[in-house]
Amino acid sequence: MKLLKDCWVALVELFNVITFSPTLNQPESQHVMQADLGIEAPYIAAGGPVFDPPSHPQNPDEVLQCDYSPMGNQWVSCSTPGDRTCWLAGPGGQRFDINTNYETSAPTGITRKYTITADESNINADGVPMPFGKTFNNQYPGPWIQACWGDTLEITVKNNLSFNGTTIHWHGIRQLHSLEMDGVNGVTQCPIAPGESYTYRFRALQYGTSWYHSHYSLQYGDGMAGPLTIHGPSSANYDEPKDPILMTDWNHRSGFQDFQVELNGRPPNMDSILLNGQGKKYLLRLINTSVDTTFVFAIDNHNITVMSSDFVPIRPYVTDHVVVGIGQRYHVVVEANPKNYVNGSPTGSANLGEAFWMRTIAATGCHNFQLGGIPDERQGIVYYKKDSTVYPFTARGSYSIACSDEPYDKLQPIVSSGWTVKPVDISNLTVPNEERFAVGTDTPGKGEGKPLPNDPFVRWAIGPKNLYLNFSDPTILNLDNKQWNPDYVVIPKPFPEDSWIYLLIWGAAAGVPPSARRTIPAAHPIHLHGHDFAILQQSNQTLNLTGPTNLKLKFDNPPRRDVVLLPANGFVAIAFKADNPGSWLIHCHIAWHASSGLAMQILERQADLRKEMTPQRLKPVEDGCRTWDKWFSNPANLWDANVTFFQDDSGI
């Protein structure tokens, strides 16, 4: 057999899966959006580097070009199959590469303009129609939005939904000094009213793969999510890229329907697993866009080299599986050299050499599929021959499928500059910029229910109380406030730019003051907007603040990312620099919990933020609020004109 001489063809057979559109008739690769380019003629004349990025789409007709014309003709592309760490080389030995501190330096690209629409769709994702689907551009997942490191993205979102507003969040994008582009209704803007549009504009200072999704209530669980890639350098070499792999759980009902189950004290059951997946060495981009499920990703008999976590390039390490929490992303490389081969010859049966299962396994303790109804983990087949029809007989490896993050000591960031965290004793309550938060559920007091005062619904919380936002009155329009509505759960952090903010978050703790909050042994993927954060410690143990503490913090270049798993009955300690004024949401990315209220706002440097938010910058926000209020004030626009309340969840 000459399998290793053939191109490694990642043909994914879809079992109860839909990946690229609302029908079962699927194209072979992720649909790519084509951008309008805002290129000025003098820059083109300057003759800067223009090239196809090595991490381009599989379809050659959909490849965008990185265009660094503004930088002039002394710069060249320097990425090669033998060295993917380099991106651009310039005069005097200047480089933009994997070692560049992307928080302070980025190349100058061009402006890429996109338009997406929020549509109502009947999504037949697994053979069972879901008539209340909501999609981007009438496809699921939404179209693949791309840019190159240093580009400016200008994305206009039109809302074609009948009864819902919407906002779009660009997950993991730092939004440095651009809070109004973060896409969180009730915080950074009012919802985009049906029939209206809103334009987001921000700079791609990071690189890697992420996703964009609605942040309006539970919309993203109904289909409003899509991949987002910023092309740039890599810490491991590869020959060819594959299109993004979005893994998610799926329901046959709208999240708006199932949220009533959550309010009545039990998490809704999920129905299916969806995958749009797919060596030479191949780049794979893994994204977990789930509502309620952590996944273990693996390809039988193949090693995987992990080279980035979220938007953070890390020192490559080899494993046979990757645990991907909700909202997390990984760039990995898979080599066309299955482990049952020795020197190019198969050591097992012929079948083992031709076909291998690709698995997305629901992690134990981090999913809520019905008892006895966990979907088949074998979500795809990797063939070494394009026309092969051999059925795989490979077995799952012996790795753990427990709910966790990837090993803490493996996530070693390459860029360490600026990430030596100032050591503090966060067990000491006198540290001024340290806060402690218990995650659990709160029972409302008399007259404190939501959405109606006498409602008895128990809700998840992380701050002093559960979050509940007013769509019509976003935080960004109230920056003169000296006091805040308690429902907004605003945590002021007025510290200088060179300071660090420390958060200690636990699911169970000893030696803390008694509280009415009920802690529950559940894991939570915690996501922070506006920042990567350093993970000073992540522990499965109950936090102990009495006697010998079990706090053992790492301050010198610790792992960092924008989503971390808070282990069930454990704790995490995180820190981030106060270098980006904004009101940044931090929340659990289990959609049911976020909608229940497990979120708060970190109001960073309010005085500086108020200066940044000039009347010119706030005008689109104010205009959007006027159109939202006009739409909302007309009962004929609502699903039920006689409804006693419009919003039953936190708003996010």
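Here is a short conversation about this predicted model.

Residues are numbered from 1 along each chain as its sequence is written. Local features need pLDDT of at least 70 and side-chain atom pairs count only at pLDDT 80 or more, while totals for chains, interfaces and linings use all residues; side-chain values use heavy atoms, with hydrogens and water left out.

Reader: What share of the protein's 652 residues is buried?
Author: Happy to help! Buried means under 20% relative accessible area, exposed over 50%, and partly exposed in between (1.4 Å probe, protein chains only). Of the 652 residues, the buried share is 62%.

Reader: Is serine 210 buried or exposed?
Author: Serine 210 belongs to strand E13, residues 208–214; strands (E, at least two residues) are DSSP runs, numbered from the N terminus. Its relative accessible area is 0%, so serine 210 is buried.

Reader: Which residue's backbone oxygen does the side chain of serine 210 reach?
Author: Leaving aside neighbours within four places in sequence, serine 210 has contacts (heavy atoms within 4.5 Å) that include Gly172, Pro227 and Phe311. At 2.4 Å, its side chain reaches the backbone oxygen of histidine 171.

Reader: Which strands are the edge strands of the open sheet with the order E31-E41-E40-E34-E38?
Author: That sheet has five strands with mixed pairing. Two strands pair if DSSP finds at least two bridges between them. Pairing on one side only, the edge strands are E31 (490–493) and E38 (563–566).

Reader: How many bridges join strand E40 to strand E41?
Author: Strand E40 covers residues 582–588 and strand E41 covers residues 599–604. Glycine 582 stands opposite glutamate 604 in E41. The two strands run antiparallel, and the number of bridges joining them is six.

Notes: Helices (H or I, at least four residues) and strands (E, at least two) are DSSP runs, numbered from the N terminus. A polar contact is a pair of N or O atoms within 3.5 Å; within protein, one must be able to donate a hydrogen and the other to accept it, and residues adjacent in sequence count only if both atoms are side-chain atoms.
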